[in-house]
2 protein chains.
Amino acid sequence: MVEYDAVIVGAGILGLSTAHHLKNRYGNAQVLVVDKLNAAGQANTAKSAGAFRCLFHSRTNFALADSSAEFHRHLQDDLGVNLKLRWTGYLWLFDEEGYKQMQPVLKDLAGKSFECKEYDRSELAEKLSIQTNFNGDEEAQLMGLASVHKGVFIPKAGLIDVDSLVKFYESEFLKLGGKIQYGTEVKNIVVEPREPLGVPGEPFFWQDSRAVGVDTNRGMIRAKKTIVAAGAWVPLLLDPLGVECHVKAKKRQIFSVKAKTDTLKKLLWTKGFSPVGCLPFTILPKPSIYFRPALEEDAFWLSYGDEFPRAFQVEENPQPEEKFYQYGIYQVLAKYFPQFKDCQPFSSFAGLYAINTLDGQPVIFEENDLMVVGGASGSGIMKADAIGRIAAALYSGEEYAVLYGDRKFKVSDLSLKNRNVEPEKLVI
Amino acid sequence: MVEYDAVIVGAGILGLSTAHHLKNRYGNAQVLVVDKLNAAGQANTAKSAGAFRCLFHSRTNFALADSSAEFHRHLQDDLGVNLKLRWTGYLWLFDEEGYKQMQPVLKDLAGKSFECKEYDRSELAEKLSIQTNFNGDEEAQLMGLASVHKGVFIPKAGLIDVDSLVKFYESEFLKLGGKIQYGTEVKNIVVEPREPLGVPGEPFFWQDSRAVGVDTNRGMIRAKKTIVAAGAWVPLLLDPLGVECHVKAKKRQIFSVKAKTDTLKKLLWTKGFSPVGCLPFTILPKPSIYFRPALEEDAFWLSYGDEFPRAFQVEENPQPEEKFYQYGIYQVLAKYFPQFKDCQPFSSFAGLYAINTLDGQPVIFEENDLMVVGGASGSGIMKADAIGRIAAALYSGEEYAVLYGDRKFKVSDLSLKNRNVEPEKLVI
């Protein structure tokens, strides 16, 4: 039987970025990517909101996101790879309380010369026709909505076409001689003793064991390293081996609403924030519903990452819930942006976040020849390039990865045993 | 519908200790314990090895275990509650490497005037007829077994009858007016908005929600606080609400071997370690198989907590595996203790550890009127009293719990948000 140097489980954005960077470093390595679906990036990667930002407070998040965004810029501007990057910026809307809490963080960031711009409520009202004041609106108060106090605009942020990024990594990996086998579902990771005795029932617990590949619907695949980059499915593959990755799956839903009316068209093409001349990726104060322009669709994508009591659950085919829009997002959004009154989504989709419940930042570690790359917690697209480089460095046994732009990143900082990440203070 | 002050899910040792201490502090509180089984402590509590030790290196573990053991001593010696406490001690066997690694920890503990006694290999060989040297034993070397270098004996440790402890908490709780409803299986925790609007589909995500009780096979039970102390089942109740507890279940197996032969009887009744005049709870160097005397059965209980690749898995009725004894425990044990040659277990049982995969120490926290008490990671019996007191303090909203012996313990130290536990360096 062929033994690959590495088999990578999952042709989502993390698996492909890892595959590409690994093969890029080791031209001779036999690397195979397997995925149960029939094409790249068709599972939760395809369900992303396709947004990115470079402004994070945590050193870790900033390093991952900023270097990845710079790589994307390089691809598009220098190499002519069209990722449909649009630097629309992010617009964070705060109530008075939220703004007060965020002040020290923003001051701190300003001191590090991060670029951002503040807007007061009257400017926001004028630019966006947003309802900033809920005094006297009993319904809004019953719903716990907060009046808008300030807006903070971050220019180094925007939108990216996820499918184009997926295709870039896939084609580069294939060009380098990597192999991908679609329609291949991994049933389980295979473990054998390092020094087999040839006795039935191995491995026994007094033997030193390691992952030797994967069992799939198309037979076993042997590999020196088994790299699990299966997003929300990672824990389903690791639990049977008693390997903890601290990842749980949670549904995310995105609803697309057409900019049919003049007021919505005006909102979609809001001028004055970024050179793109459209609405930034915008986050409401409370609850933090977010929405982005989807210019090709002449639409807005609306979403909300609900917490308690939204279940942790791995679903094969998660569905958007009509009620989530109707009684959730719509009720809130239409209060802040009356332009959306009576608007129904024309399409919607749902995917799964792979949330790292420790700190919301990725996990990249290895034990017993089993590597895990996951837990990107909803920011996999915007960090994928850095994550792939760190995974490739871990594969090589190097202490530091070199991210795009020659930035060094300590590989063990994203491990579990020697994890060293700063908690993020700029959370959506 | 009746609304209890607290409903406690699980009549295992943690649920009952919590129930007792809660009711002890709040005589007027209406407290109900529910359990799917028909009596107290019948699930994994009953599958414990029934051993305890007070020597831990971590401040947290020591506080929990030592205060609980002192409470048990008080119950038995001062109040005449027969818990069949036996201070047999623990005997840790180390190979040269393991002993070297443990030296700084032992020195540190000696400096804090913890009592322990060292035995060298010749003393151990004489007292226990243990095989201490595997030089020239090819099979042992193939198995990776390590020669015994030293033994460290810890006197403040021993055995306890789990069922007697369970019955103590149960009967005290009932005497204080607490209620227990057996045969009541919790299907899910019920969540409602704090300020219901009476609209179908609530709670919506913009509402502030809380746990209001549990749905069971015998109908809904409402409570101001829902306290989940369901051991290995805790994550199955919390995942549907998106509440992370960092607990995973893992099978543990115990095999009972009769002391049939003279050499085994001699081993069982080994003199000179403790006043009990029997073998201490003993831990082998590598792999760390442990075994204890089961004097009432004229037997030894043998066990091993296997790691990779033992699955994390919640099973309704976990079974001991013949192969685990035959090719696992037996092969190792009979090398160190030839007295066990050809011995078969006369009985065996399996249960589930509820492992906290963060740090192996318990979790006690509350959010949205949902309290979680669990993750004792195989030392639930020996820490249950302290855990119950801390849970009762959390229920009261107090900053500090007072453990038995008037020791203060900061309640938030075992929470998730402000967790503050020292990692344990003395791990079996």
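Copies are superposed here by least squares on the C-alpha atoms of residues with pLDDT of at least 70 in both, where pLDDT is the predictor's confidence in each residue, from 0 to 100. On that basis, a turn of 180° and a shift of 0.0 Å along the axis lay chain A on chain B with an RMSD of 0.0 Å. That is the relation of a two-fold axis. In chain A, the C-alpha nearest this axis belongs to His246(A), 3.8 Å from it.

This is a predicted model, in which local features need pLDDT of at least 70 and side-chain atom pairs count only at pLDDT 80 or more, while totals for chains, interfaces and linings use all residues. Residues are numbered from 1 along each chain as its sequence is written, and chains are lettered from A and ligands numbered from 1 in the order in which they are written. The model scores ipTM 0.96 and pTM 0.97. Chain A averages a pLDDT of 96, and 100% of the residues score at least 70.

The contact between the chains comes next. Two residues are in contact if their C-beta atoms, placed from the backbone, lie within 7 Å. Chain A brings 34 residues to the contact and chain B brings 34 residues. On the side of chain A that touches chain B, strand S12 (247-258) and helix H9 (322-336) each supply at least two residues. Helices (H or I, at least four residues) and strands (E, at least two) are DSSP runs, numbered from the N terminus. H9(A) gives the most to this side, with five residues. The residues of this side of chain A divide into 16 nonpolar, nine polar and nine charged, with Ala, Val, Leu, Ile, Met, Phe, Trp, Tyr, Cys and Pro counted as nonpolar, Asp, Glu, Lys and Arg as charged, and the others, Gly among them, as polar. Because 100% of the interface residues of chain A are also interface residues in chain B, the copies meet through the same surface.

S12(A) also belongs to an open sheet of eight strands with mixed pairing, in the order S5-S6-S4-S13-S14-S15-S12-S16 (chain A). Two strands pair if DSSP finds at least two bridges between them. Strand S5 (117-120) and strand S16 (347-356) of chain A stand at the edges with a single partner strand each, so one side of each has no neighbour in the sheet. The twist averages 20° from one strand to the next. Angles run from 0 to 180 degrees between N-to-C directions, and axes are lines fitted to C-alpha atoms, for helices over the stretch in contact.

At one edge, S5(A) and strand S6 (residues 150-154) of chain A run antiparallel and are joined by four bridges. Glu118(A) stands opposite Val152(A) in S6(A). Helix H4 (residues 121-128) of chain A lies across S5 and S6 of chain A, at about 85° to S5(A). H9(A), already met at the interface, lies across S12, strand S15 (299-303) and S16 of chain A, at about 65° to S12(A).

Chain B has an open sheet of eight strands too, ordered S5-S6-S4-S13-S14-S15-S12-S16 (chain B) with mixed pairing. Here strand S4 (residues 90-94) of chain B pairs with strand S6 (residues 150-154) of chain B in the antiparallel sense over five bridges. Gly151(B) in S6(B) is the bridge partner of Leu93(B).
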